[in-house]
Amino acid sequence: MTLHVQPIRAGFGAEVSGLDLTQPQNAEIRAQLNDLFATYAVLVFRQQPLTPPQFMQAAEIFGPLTPQQIKKFVLPDYPLVGYNSTHDLPRKNGKLQVRGENYHTDHSNDLAPPKATTLVAVEIPSHGGDTQFVDARQAFDDLPEAMQQRIVGLRSLHVHQSSRSPRSFAKLSDEEMARIPRTLQPLVIRHPDSGRAALYLNTGRMEGIDGLDDEAGYALIEALYAHATQPRYEYRHRWQVGDLVIWDNRSVLHQANADYDPEEYRYLLRIMLQGAPLLAYGGST
Ligand code: SIN
């Protein structure tokens, strides 16, 4: 079997074909896929209408799976497989309140945030509901050197919901809340495989910058967020039924969109991959 790789942008995002992910993959293909993942950070596989166990098998190519944080949105028979379903979403003034609207990286307040998240589209609306990704590595590389030097070594406290969060998070049970950590994360992280630097941003969870007063800290976060989320760093995925997309939470930010007819059904299966404590770029931890 020969993999065909079609880059989406230079060095960011790639569509991979020539594979049937319902089947187990050999060591050579697995190694190739992991190399592609470290390079492109978002991989797209079309026409992979996977069952939950097949989806778990495919996701495991990239590493061990980790449990979903919100237990009420998991499949009863496959607790490692979550789902994003319009049927669970509250509405405000007729608009769906989707999870993940505004750019972020998943569970950034965890000591070891999931290294990757992957979705398989089961049902999608006729228009809208895209998922957007921005390349947080290229965004760092493009910063003026003086700004890079200023921010390397800084840290931010990531909490469940920042006091300045632009969005509300799903309500968690008391038991879930008790398990929610608060973690000081590097503002610039180093990818453990590629060694590349990336901005590590999540305005929904960042509670200022350690060592800076509130005004300076939030101003810096806002400026970096505005820089990193420019269209020139973006890949916008327009879903088709059967798409599997996997993204690297240490290289990209992503956001969901609520721009579709709330009466139409959108349903995707979701798996997360186990991560490790983040590495600071230019540092040892
Ligand atoms: C997510 O982060 O799982 C949301 C992505 C989406 O539903 O578009």
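In this predicted model, a polar side-chain atom of Thr131 sits 2.6 Å from an oxygen atom of the ligand. Thr131 belongs to a strand whose five residues are all buried, and Arg270, another ligand neighbour, belongs to a strand with seven of its seven residues buried. The points below start at the ligand, follow those two strands, and then turn to the nonpolar cores.

**Around the ligand**

- The residues surrounding the ligand are Asn84, Leu119, Thr131, His254, Ala256, Arg266 and Arg270.
- Two arginines make polar contacts here: a side-chain N or O atom of Arg266 is 2.8 Å from an oxygen atom of the ligand, and a polar side-chain atom of Arg270 also lies 2.8 Å from a ligand oxygen.

**Strand 10, home of Thr131**

- Strand 10 covers residues 131-135, and since five of its five residues are buried, the rest of the structure largely encloses it.
- Side chains in a regular strand alternate between the two faces of the sheet.
- Both faces of strand 10 are covered, with Thr131, Phe133 and Asp135 buried on one side, and Gln132 and Val134 buried on the other.
- One antiparallel partner is strand 16 (residues 234-237), joined to strand 10 by four bridges; here Thr131 stands opposite His237.
- Strand 18 (residues 252-256) also pairs with strand 10 in the antiparallel sense, over five bridges.
- In that pairing, Phe133 has His254 as its bridge partner, and His254 is one of the residues around the ligand.

**Strand 19, home of Arg270**

- Strand 19 is largely enclosed by the rest of the structure, because seven of its seven residues are buried.
- On one side the buried residues are Tyr267, Leu269, Ile271 and Leu273, while Leu268, Arg270 and Met272 are buried on the other.
- Strand 9 runs antiparallel to strand 19 and is joined to it by seven bridges, with Ala121 opposite Leu268.
- Strand 6 is likewise antiparallel to strand 19, through four bridges; Leu268 is the bridge partner of Asn84, a residue that also helps surround the ligand.
- Strand 4 (residues 65-66) adds an antiparallel pairing with strand 19 over two bridges, in which Thr66 is partnered by Met272.

**Helix 2 and its buried face**

- Phe55, Met56, Ala58 and Ala59 are buried in helix 2.
- Looking down the axis of helix 2, these buried residues fall within an arc of 165°, so they line one face of the helix.
- That buried set packs against strand 4, strand 6, strand 9, strand 17 and strand 19.

**The nonpolar cores**

- Nonpolar side chains tend to be buried together in soluble globular proteins.
- In this model the largest nonpolar core has 35 residues, and Leu33, Leu43, Phe45, Phe62 and Leu244 have the most contacts inside it.
- At least two residues of this core come from each of several elements, including helix 2 (52-59), strand 6 (78-85), strand 9 (116-123) and strand 19 (267-273).
- Helix 1 is the biggest contributor, giving five residues to this core.
- Leaving aside residues up to four places away in sequence, Leu33 touches Leu3, Val16, Leu19, Leu43, Phe45, Ile61 and Phe62.
- A second, separate core has 27 residues, among them Tyr103, Leu199, Leu253 and Leu278.

Technical notes
Residues numbered from 1 in each chain as written. Predicted model: local features only at pLDDT ≥ 70, side-chain atom pairs only at ≥ 80, totals over all residues. Heavy atoms only, no water. Core = buried A, V, L, I, M, F, W, Y, C linked by side-chain atoms within 4.5 Å. Buried < 20%, exposed > 50% of the residue type's maximum accessible area, 1.4 Å probe, protein only. Contact = heavy atoms within 4.5 Å. Pairing = 2+ DSSP bridges. Arc of directions from axis to C-beta. Near = heavy atom within 4 Å. Polar contact = N/O pair within 3.5 Å; in protein donor to acceptor, adjacent residues only side chain to side chain.
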